[in-house]
Amino acid sequence: QVQLVESGGGSVQAGGSLRLSCTASGYTWNLNYMGWFRQAPGKEREGVAGIQSGTSNTDYADSVKGRYTIYQDNANKNTVYLQMNSLKPGDTAKYYCAADSRGNYCYTVPPHTCSYWGQGTQVTVSS
């Protein structure tokens, strides 16, 4: 089993920044992709950003390109960060970290059936 633990959510005013982190533990040897998803009340879950482990290959939703950056910890490839800048009220949602062994399949293909999920962390952006 794999456990994912997220941290870094919170409340911020529009234009502000937050950094989310996610660390995977357990049987992580075959994981090759980690991503961030978000879900706002009444909306479907959407992929925000993802990264192929050990590479610079990343995926981003159009709505966050240029504002969000996903990257891995150089010392621990099981930890990924999501730097969120220029936050907007529309970014308000619960953010979930996910991990998988099938590359970016679960990120790019709805309904995003990634193998492992974190508990989620709330991000609230006020105007």
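Start by selecting Cys22 and Cys97: a disulfide joins them, S to S 2.0 Å. The model is predicted. Now look down the S-S bond: the torsion is -80 degrees, a left-handed link. Colour the two strands involved. Cys22 sits in strand S3 (residues 18–26) and Cys97 in strand S9 (residues 93–100). The two cysteines are 75 residues apart, so this pair links distant parts of the chain.

Turn on the surface. Is Cys22 buried or exposed? Cys22 is buried, because its relative accessibility is 0%, below the 20% cut-off. Cys97 is also at 0% and counts as buried.

Next, select Cys106 and Cys114. They form a disulfide with sulfur atoms 2.0 Å apart. Here the torsion about the S-S bond is about 90 degrees, so this disulfide is right-handed. Cys106 is buried at 1% relative accessible area, and Cys114 is buried at 7%. That completes the count of two disulfides. Counted along the chain, the bonded cysteines pair as 1-2, 3-4.

Zoom out and switch to cartoon. You should find one helix and eleven strands. Trace them in order: β-β-β-β-β-β-β-β-β-α-β-β. The radius of gyration is 13 Å, close to the 14 Å from the globule rule for 127 residues, so the protein is as compact as a globular protein of that length. The C-alpha trace spans about 40 × 30 × 25 Å along its principal axes.

Colour by burial: 43% of the 127 residues are buried. The exposed surface is about 6400 Å², with 47% supplied by carbon and sulfur atoms.

Last, select the charged side chains. There are 10 positive and 8 negative, and the centres of the two sets lie 3 Å apart.

Notes: Residues numbered from 1 in each chain as written. Predicted model: local features only at pLDDT ≥ 70, side-chain atom pairs only at ≥ 80, totals over all residues. Heavy atoms only, no water. Helix = DSSP H or I, 4+ residues; strand = E, 2+ residues; numbered from the N terminus. Rg over C-alpha atoms; globule rule 2.2 N^0.38 Å. Buried < 20%, exposed > 50% of the residue type's maximum accessible area, 1.4 Å probe, protein only. Areas by Shrake-Rupley, 256 points an atom, 1.4 Å probe, with all protein chains shown as cover. Lys, Arg positive; Asp, Glu negative; His and termini not counted. Charge placed at Lys NZ, Arg CZ, Asp CG, Glu CD. Disulfide = S-S within 2.5 Å.
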